[in-house]
Amino acid sequence: MNPDSRARIVRAVLATVFGLELAWIAFVLVQQWQTNPTFGLDYRWHVDAARRLLDTGTPYWPWQIAGPYEISDGAILYPPTAFLLFIPFIWLPAVLWWAVPIAILAVGMAIHRPPLWAWVVIGAILSFEKSLNVFVFGNPSMWIVAAIAAGTVLWWPFILVVAKPTFAPIALIGIRHRSWWIAAAILAVASIPFARVWLDWLAVVRNSNVSLIYNLPTLPLMLAPLVAWLAGVRRPLEWPKPRPQRDEVPPQVVG
């Protein structure tokens with residue numbers, strides 16, 4: 001069997017595997033949407049928390065602020081600036097909560113034109129139960145992984161990853177770019193109106209039994225766009241190649 005035939009077989013196998021992964025992901029999401037009453041539960045909790053912020057001045061439950069508690073249903077841990085995202089969804093259609101981050105994730109990865117084997121790896125990551133649960137429950141981590149995907153293209157969205165302290169080191173990927181610092185400054189200014197709510201958030205984090213490793217099961221999902229970025233044809237981390245020098249004209253021999 002010649003190398004071209006082997007390559008075609010490998011591509012066919014990889015394409016088949018990736019197709020099966022996509023079919024599985026679509027099946028799980030549709031099946032859960034139709035049969036699981038907790039589908040979108042995290043979305044509903046965070047939109048309710050946004051309403052609570054507008055109504056009472058804080059999105060957090062009194063028992064979270066009052067003293068030690070164990071993480072349980074309805075506990076909100078996101079920092080105040082995250083509610084700049086949550087508040088508009090009080091009025092926006094719920095479908096956009098899923099459609100926008102999924103579109104950003106897909107486009108952000110496709111821009112890098114990763115090879116087929118990388119898509120298979122990405123498909124395996126997305127097929128992982130903990131990754132699927134993020135989308136089934138409508139967890140805001142959908143927006144964090146979308147920010148990572150956008151960051152691999154525009155750099156500045158990496159700063160938005162700080163909303164999940166567990167994954168904050170990923171935000172540092174964009175630190176060498178001016179747009180990242182501008183976005184960080186804008187985020188800092190946007191935090192000022194939430195001054196009192198930040199005190200509530202510090203109490204909520206201090207009182208909870210949650211550690212930085214709480215979100216580690218969703219780390220593979222956060223790595224999916226980085227796989228596309230690093231394996232793709234468009235590689236921002238690649239050192240620029242030296243420009244080819246013009247051919248020098250040999251000196252003329254004077255007779």
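How do the residues of the lining of the second largest pocket divide into nonpolar, polar and charged? In this predicted model, they divide into 25 nonpolar, 1 polar and no charged, and the views below take up this pocket together with the largest pocket, a surface patch and a loop residue.

**View A. The second largest pocket, with a volume of about 530 Å³.** Of the 26 residues that line the second largest pocket, L85, A147, L160, A163 and L187 are the closest to its centre. Two or more lining residues are given by each of helix 4 (83–86), helix 8 (141–154), helix 10 (178–191) and helix 11, and among these helix 8 gives the most, with 5 residues. The view may be read with the make-up of the lining in mind, in which 25 residues are nonpolar, 1 is polar and none is charged.

**View B. The largest pocket, with a volume of about 890 Å³.** The lining of the largest pocket is made by 30 residues, of which L77, N139, K164, Y214 and N215 lie nearest its centre. The elements that contribute two or more residues to this lining are helix 2 (41–56), helix 7 (129–136) and helix 11 (195–207), and the largest share, 4 residues, comes from helix 2. By residue class, the lining of the largest pocket divides into 16 nonpolar, 10 polar and 4 charged residues. Helix 11 gives two or more residues to the lining of the largest pocket, and helix 11 also gives two or more to the lining of the second largest pocket.

**View C. A nonpolar surface patch of about 350 Å².** The patch is made by L92, V95, L96, V100 and I104, and V100, one of these residues, is found in helix 5, which covers residues 95–110. Because its relative accessibility is 31%, a value that lies between the limits of 20% and 50%, V100 counts as partly exposed.

**View D. L172 in the loop between helix 9 (168–171) and helix 10.** With a relative accessibility of 48%, L172 also falls between the limits of 20% and 50%, and therefore counts as partly exposed. L172 and G74 are 98 residues apart along the chain, and a distance of 30 Å separates their C-alpha atoms. Helix 10, which follows the loop that holds L172, is one of the elements that give two or more residues to the lining of the second largest pocket shown in View A.

Terms used:
Residues are numbered from 1 along each chain as its sequence is written. This is a predicted model: local features need pLDDT of at least 70, side-chain atom pairs count only at pLDDT 80 or more; totals for chains, interfaces and linings use all residues. Side-chain values use heavy atoms; hydrogens and water are left out. On a 1 Å grid over the protein atoms alone, a cavity is a set of points where a 1.4 Å probe fits but cannot get out, and a pocket is an open set with protein on both sides within 12 Å along at least five of seven lines; lining residues have an atom within 4 Å of a point. Grid points are joined across faces, edges and corners, and a volume is the space filled by probe spheres set on the points. Ala, Val, Leu, Ile, Met, Phe, Trp, Tyr, Cys and Pro count as nonpolar, Asp, Glu, Lys and Arg as charged, and the others, Gly among them, as polar. Patches are made of residues with over 30% relative accessible area and no salt bridge: like charges are joined within 9 Å, nonpolar side chains (Val, Leu, Ile, Met, Phe, Trp, Tyr) within 5 Å. Accessible areas come from the Shrake-Rupley method with a 1.4 Å probe; for residues, only the protein chains shown count as cover. A salt bridge is a side-chain nitrogen of Lys or Arg within 4 Å of a carboxyl oxygen of Asp or Glu. Buried means under 20% relative accessible area, exposed over 50%, partly exposed in between (1.4 Å probe, protein chains only).
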